[in-house]
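Student: Before we discuss any assignments, could I see the model and then go through the reasoning behind the terms?

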Amino acid sequence: MMGQAVYQPRRWLVGITFLVLLMLPAITFAGTPIGTLVEAFALDEMITMDPGEAFELSAAEVNANVYDLLVRFDLTDTTKVKPDLAESWTVSANGLTYTFKLRSGLKFASGNPITAEDVAWSFERVVRLDKTPAFIIEQLGLTGDNVTERAKAMGPDVFALTVDEPYSPTFVLNCLASTVASVVDKKLVLDHLKAVAPNDDYRYDNDFGNDWLKTHTAGSGPFKLREWRANEALVLDRNDQFWGEKAKLSRVIYRHMKESSTQRLALEAGDIDVARNLDPNDLDAVAKNDEISLSSAPKGTIYYLSLNQRNEKLARPEVRQAFKYLVDYDAIGTTLIRGIGEIHQTFLPKGVLGELEENPFKLDVAKAKELLDRAGLKDGLSVTMDVRSGQPVTGIAESIQQTAGEAGVKIEIIPGDDKQTLTKYRARNHDIYIGQWGQDYFDPHSNAQTFASNTDNSDDSKNQTLAWRNAWNVPELSKQTEAALLEKDTGKRAEMYRHLQKEVLDTSPFVIIFQQIEVAAVRSNVKGFELGPSFDTNYLGNVAKE
C-alpha cells in the first residue's frame, strides 16, 4: 500500500444518495450489482457534457458512448474510418463536397427520428458556439457566415458538407470522426429552450442549448446520461432506442477517485469493477491478484521536452542536438513510466497514418559534451525548466536535471500547476518546458501542424502551434505540412509525414520522450472491457458482467 490511505467502502455513498436509490436493493458491499459496471476514474477535469464544448479526456470517453457520429474510426485499422450514422458517402470530383446517406429508421434516445437536418444543425451549433474544439470543424472552411450553406440537409436522409480546399479525404473524415462532430437531437434541445425561455430570442438564437447540454445529453448512442454530479459520480443508463446492437450492461457508474491507492483498495475489496488511474506500483500489486486482470492500449498522447528558440544558447543547432542525448530513456522507461508508457521519439503516435518507428537517441553524456563544445559552450549553460507538478512529469524532469548536470548544463526546475506552466509556455516566456501533447483528432495533420508548422512567428500570430510556442521559425517545413494535408494519395501522404518526422527528429527543439499507454485494472467477472487508441474510442457497449 502506498502512503497512509485507509479505504472505507461505505464512505463513497455519503453525499451521493441518488446512487443508493439507483442501486438498491441490489447493492451489497464487496461486490457491485449485476448488470452495473462501476469504474473509478479521476473526473475532476470534467466541466461540461456538451460535445460542442467538451475538450477533456473523461468527457470525450463519456460522449463517445452517448452520441453517434457520421463516421467512426475503424479500430481494426485506425488509419481508416467506417460508417456510423452514415451508411455510405461520396466525394465530388473536385474534392470539395462530401455527401452522406444516413441509415434508415434511426432514432435518438428520446425517440425522435434522426434526420439530416439534425446533422446540419449539429454542425451549425458547433461553429456558431465557437467553443474550444470548434476549430476541428472550422479548419474545413466553415464559419458562422457560411455554415448553413456548406453543411446542410439535401433531404431527410442526405447530408452534404462542402469544404474550402480539396483536402485529403482521410483528413476530412478523421475530423468528422472526432467527438465535436457528434450528432445532437435538435428537436429535444429546442423543445427545452422553448420551454424555459419562450420569449428570450437571444438565448434561443445563440445558446443552441449549450447551458442545458452542460449537464444533459441528447444523443443516440448505446448509453444515455442519467445524472452527473461534478467531482462525485456520473451515471449512464442503457439506451434501448439504440439502432445497433444493444449494450449488454444496463448501467455504468463512474465514481470520482483521484488517488491510485484508494482505487486499488476499492478494486481489491470488490467495491468497484474497474480502476482507471493506477500508478506503476499499484499496477504491479494488483497484477498479482488472480481476481484482477490488466487491459492496456497505447494512446495518442506523447510527452516531450521543448527548448525556446528565443534563448540564444538554446537556439544553436548543436545545443538542440545535445539535449536529445541528455535524456536517460532506458531508466525512464523501466521506472517512471513502467507499464504506463513506452519510449517513443517521433511526433506521430503509433497507430496513426505515416507513423515512424525510430528511436535513434540514447543517453550519451560524452556526445552531448562534444556538441556543446562545438556550440561554443564548453563550460555548459544554465537554464530553467517549467514543470507541471505531478508524476510522471516531475520524476522525468528530475532525471533530466541530473543527467544534464553531468554535461555541465545546470537546470533549475520551476514547478507549478497546469494553469501556471501552460500560461507561461503559451506566452513563450520559458527556457525549457516539459509536458504532454494529445492529438486533437486522429489524423497525422493534428500533430504535424503543431510540431512542424509555424506560419507566423510574430507574437500576435493566430497560429500558435508548439513550433510557434518555441519560436522555431520553419517556413519550408510549414509548406511541406500544408502539402501533406492536400495530398489525396494515402500512400504518398504517409510518406510525406514520415519525412516530416525525420526532419523534426533531427533538427527540432523538441525532445520527444514517450507515448502514453493507458492501463485499466479489471475484475475477472467483467468481460469485453477493452481500451481504444484514444479516450473517445473507449467503448462500453460490448462490456458484460458475469
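Tutor: Start with a definition: contact means heavy atoms within 4.5 Å, and angles run from 0 to 180 degrees between N-to-C directions. Bear in mind that this is a predicted model.

Student: What makes α3 a helix that lies across strands, and which strands are they?
Tutor: Helix α3 (residues 116–129) lies across β5 (97–102), β6 and β7. Its direction is at about 170° to β6. Because the angle is taken between N-to-C directions on a scale from 0 to 180 degrees, the value of about 170° puts α3 and β6 in nearly opposite directions.

Student: Which strands does α6 lie across, and at what angle to β5?
Tutor: Helix α6 (residues 169–176) lies across β4, β5 and β7, and runs at about 50° to β5.

Student: What makes β6 and β7 paired strands?
Tutor: Pairing needs at least two bridges. There are 4 bridges between β6 and β7 (residues 158–162), so the two strands pair, and they run antiparallel. One of the partnerships is that of Gly155 with Val158 in β7. The connection from β6 to β7 is a hairpin through 2 residues.

Student: How many bridges join β5 to β7?
Tutor: 5 bridges join them, so the requirement of at least two is met. These strands also run antiparallel. Phe100 stands opposite Phe159 in β7.

Student: Why are β4 and β6 said to stand at the edges?
Tutor: The open sheet has 4 strands in the order β4-β5-β7-β6, with antiparallel pairing. β4 (86–91) and β6 (151–155) each have a single partner strand, so one side of each is left without a neighbour in the sheet. From one strand to the next, the twist averages 25°.

Student: How do you know that α2 is largely enclosed?
Tutor: Buried means under 20% relative accessible area. 9 of the 10 residues of α2 are buried, so the rest of the structure largely encloses the helix. Among them are Ser58, Glu61, Asn63 and Val66. The buried residues pack against β1 (36–41), β2 (71–73), β8 (223–229), β9 (233–238) and β10 (251–256).

Student: What makes α10 a mostly covered helix?
Tutor: In α10 (residues 260–269), 7 of the 10 residues are buried. They are Ser260, Ser261, Gln263, Arg264, Leu265, Ala266 and Leu267. Their cover includes β1, β11 (274–275), α11 (280–286), β12 (292–307) and β17 (510–523). Just after α10, Gly270 has a positive phi of about 85°.

Student: Why is the phi of Phe208 worth a remark?
Tutor: Most residues other than glycine have a negative phi. Phe208 is not a glycine, yet its phi is positive, about 50°. Phe208 is in the loop between α8 (201–206) and α9 (210–213). With a relative accessible area of 7%, under the 20% cut-off, Phe208 is therefore called buried.

Student: What is the phi of Ala471, and is the residue buried or exposed?
Tutor: The phi of Ala471 is near 55°, again positive in a residue other than glycine. Ala471 is in the loop between α18 (466–469) and α19 (475–486). Its relative accessible area is 13%, so Ala471 counts as buried under the 20% limit.

Student: Why is Thr78 called buried, and what is it in contact with?
Tutor: Thr78 has a relative accessible area of 13%, which is under 20%, so the term applies. Thr78 is found in the loop between β2 and β3. Leaving aside neighbours within four places in sequence, Thr78 is in contact with Gly351, Phe442 and Pro533.

Student: What lines the second largest pocket?
Tutor: The second largest pocket holds about 650 Å³ of space. 26 residues line it, and the closest to its centre are Arg72, Lys82, Tyr539, Gly541 and Asn542. The elements giving two or more residues to this lining are α2 (57–66) and β3 (81–83). By class, the lining has 10 nonpolar, 7 polar and 9 charged residues.

Notes
Residues are numbered from 1 along each chain as its sequence is written. This is a predicted model: local features need pLDDT of at least 70, side-chain atom pairs count only at pLDDT 80 or more; totals for chains, interfaces and linings use all residues. Side-chain values use heavy atoms; hydrogens and water are left out. Buried means under 20% relative accessible area, exposed over 50%, partly exposed in between (1.4 Å probe, protein chains only). On a 1 Å grid over the protein atoms alone, a cavity is a set of points where a 1.4 Å probe fits but cannot get out, and a pocket is an open set with protein on both sides within 12 Å along at least five of seven lines; lining residues have an atom within 4 Å of a point. Grid points are joined across faces, edges and corners, and a volume is the space filled by probe spheres set on the points. Ala, Val, Leu, Ile, Met, Phe, Trp, Tyr, Cys and Pro count as nonpolar, Asp, Glu, Lys and Arg as charged, and the others, Gly among them, as polar.
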